[in-house]
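Work through the exercises below with the sequence and the model open. Each task is followed by a solution in steps.

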Amino acid sequence: CGFKCSIKPTSLNSNFIMKIAIIAGGHLPIPPTGWGGVEHLIWNFSKELEKINDEVVIINTKNLNQIVEQVNSGNFDAVHLHYDQYANIIPSLQCKKKMITSHYPYLENPEPQYVFLYDLLKNSGAHIVCLSDRIQNEFLNRGNDSTNVSILPCGIDVDSYIIDENDVLYPDRSIVVGKIEPRKRQAFLQHKGLNIDFIGNNVDASFDTNDPCYFGEQSKEDIMENLTSYANMVLLSSGEAHPFVCLEGMAAGLGLVISEQSTANLDVTKPFITVIPDSKLNDTKFLKQEIENNRKVSMKMRDEIRKYCRDNFDWCAIIKKYKEIIEKI
């Protein structure tokens, strides 16, 4: 995983090198040309696995027959489905080690029409790989065998994000990054004097795209370079499995102001992570105070924030955990 990584290809037993199929939903290209959180995750995951000499084949199509045919003719050691709606094809896949991950953001507290996902994944016959301990607990509480459920957070290449430790361009401003949609409440945060800028493709009719604080959609490369210009990141989403954008913010040295639903896998006792209680999400005065306080704290801790991100979410540790999950299936 790079010269700073302690996990090197030569440290692995040759029998542990694997051929892995990763299945996506076929809705966006991989790597994505713009936004696509799951697609970016799959692409980065595949590249990291290849660094330790695993052979990875990404299958990205809506044609279920094509997926089955490609897996069954590929002689794979493991297969990992990243689109829960295709769970019914799992029994048709000829591979001993099968995994499935749901990226549904409300999995801890699903809307009534999505409760079926628990049984769908449980009955698929695949090992359930959860994005957080809270999601794992939800599966266990619903009768899933603990030996068939594991946790694997998202990983990030910290060094690909630029960090300005002292000369921050906008020390009095915050950034919100991600698709503009009702779930993430960006429209509510507009025009409140909160000193927040917004980046993302808009699918929310209530969001004011004429807002001078809205900078549209940016490339992943621009985000990696420019995030560090801000003091902190805000994410007041009503539902998140494991928000990768929080890792991006911390990799760039930003503190976090987040909702209770956005805290997956984070140590919320850290002084640079501020959690807004659900009861205060609509309290503009409270939000302004908490965001400003977090800016002051985070600006003095940029190195510590980046180190925390590296220590807990660096790809090396995530890949090691992933291989351990595959081994135990």
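The exercises deal with aromatic rings, charges over rings and internal cavities in this predicted model.

**Exercise 1. Classify the ring pair formed by Phe-272 and Tyr-308, and place it in the chain.**

Solution.
- Start with the distance: the ring centres of Phe-272 and Tyr-308 are 5.7 Å apart, and the limit for a pair is 6.5 Å.
- Next take the angle. The two planes meet at 65°, and planes over 60 degrees apart count as edge-to-face. The pair of Phe-272 and Tyr-308 is therefore edge-to-face.
- Then locate the partners. Phe-272 belongs to the loop between strand S10 (255-259) and strand S11 (273-276), while Tyr-308 is part of helix H9 (residues 302-313). With these positions 36 residues apart, the pair links distant parts of the chain.
- Are Phe-272 and Tyr-308 buried or exposed? Both are buried.

**Exercise 2. Find how many aromatic pairs the whole structure holds, and name the members of an aromatic cluster.**

Solution.
- A search of the whole structure gives 12 aromatic pairs.
- One aromatic cluster is made up of Tyr-104, Tyr-106, Tyr-114 and Phe-116.

**Exercise 3. Identify the rings that have Lys-19 and Lys-280 over them.**

Solution.
- Lys-19 is placed over the face of Phe-76, 4.9 Å from the ring centre.
- For Lys-280, the ring is that of Phe-286; the charged end sits over this ring at 5.2 Å from its centre.

**Exercise 4. Describe the largest cavity by volume, lining and residue class.**

Solution.
- The search of the whole structure returns two cavities of 30 Å³ or more.
- The largest cavity holds about 70 Å³ of space.
- Its lining includes Leu-41, Phe-45, His-80, His-82, Thr-101 and Cys-154. Val-129, Leu-131, Leu-152 and Pro-153 are also among the lining residues.
- Sorted by class, the lining of the largest cavity has seven nonpolar residues, three polar and no charged.

**Exercise 5. Repeat the description for the second largest cavity, and say which element gives the most to its lining.**

Solution.
- The volume of the second largest cavity is about 40 Å³.
- Residues lining this cavity include Thr-101, Ser-102, Leu-107, Leu-121 and Phe-139.
- Strand S5 (127-130) and helix H4 (133-141) are the elements that give two or more residues to this lining. S5 gives the most, with three residues.
- The class count for the second largest cavity is eight nonpolar, two polar and no charged residues.
- Comparing the two lists, Thr-101, Val-129 and Leu-131 appear in the lining of both cavities.

Definitions and conventions: Residues numbered from 1 in each chain as written. Predicted model: local features only at pLDDT ≥ 70, side-chain atom pairs only at ≥ 80, totals over all residues. Heavy atoms only, no water. Phe/Tyr/Trp six-rings, centres within 6.5 Å; stacked < 30°, edge-to-face > 60°. Helix = DSSP H or I, 4+ residues; strand = E, 2+ residues; numbered from the N terminus. Buried < 20%, exposed > 50% of the residue type's maximum accessible area, 1.4 Å probe, protein only. Lys NZ or Arg CZ within 6 Å of the ring centre and 35° of its normal. 1 Å grid on protein atoms, 1.4 Å probe; cavity = no way out; pocket = protein on both sides within 12 Å on 5 of 7 lines; lining within 4 Å. Points joined across faces, edges and corners; volume = space filled by probe spheres on them. Nonpolar A, V, L, I, M, F, W, Y, C, P; charged D, E, K, R; others polar.
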